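Hi everyone, thanks for coming. Let's look at a structure together and see what we can read from it.

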Amino acid sequence: MIANVGTVDRAFRLVLGAMLIVAALLSGWAVFDGAALRYGAVVVGVVMLATALFRFCPLYTVLGVKTCRN
């Protein structure tokens, strides 16, 4: 796997992923009352955290996008 996620993109993914997980599990917002949206938000948050951690996004590879300098 060649890194294709840059520093700013990585930070954005870390923050947004963590916020999605926390909001879905702890916020008590009505939008997350349904199981599908709650678990969907958690899955998206985990994927965002994983792509930030590994600095690799499979969708970026398919689309030919690269936000890092390497």
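I'll start with the whole chain, then turn to one helix, and finish with a single residue.

Keep in mind that this is a predicted model. The chain has three helices and zero strands, so running from the N terminus you meet α-α-α. Lay the chain along its principal axes, and its C-alpha atoms fill a box of roughly 40 × 20 × 15 Å. Of the 70 residues, 29% are buried.

Now for helix 1, residues 7-26. Its 20 residues, at 1.5 Å each, should span 28 Å, and the end C-alpha atoms are indeed 28 Å apart, so the two values agree. Which residues of this helix are buried? They are D9, R13, G17, I21, A23 and A24. Looking down the axis of helix 1, you'd find these buried residues within an arc of 165°, which means they line one face of the helix. They pack against helix 2 and helix 3. The face turned away from that buried side carries T7, V8, M19 and L26, which are exposed. After helix 1 comes G28, with a positive phi near 75°.

Last, let's pick out T51, which sits in helix 2, residues 35-54. Is T51 buried or exposed? Its relative accessibility is 8%, and buried means under 20%, so T51 counts as buried. And what does T51 touch? Leaving out residues up to four places away in sequence, T51 touches V5, R13, F56 and C57. You've met R13 already: that's one of the buried residues of helix 1.

Notes:
Residues are numbered from 1 along each chain as its sequence is written. This is a predicted model: local features need pLDDT of at least 70, side-chain atom pairs count only at pLDDT 80 or more; totals for chains, interfaces and linings use all residues. Side-chain values use heavy atoms; hydrogens and water are left out. Helices (H or I, at least four residues) and strands (E, at least two) are DSSP runs, numbered from the N terminus. Buried means under 20% relative accessible area, exposed over 50%, partly exposed in between (1.4 Å probe, protein chains only). Contact means heavy atoms within 4.5 Å. The expected span of a helix is 1.5 Å times one less than its number of residues. The arc is that of the directions from the helix axis to the C-beta atoms.
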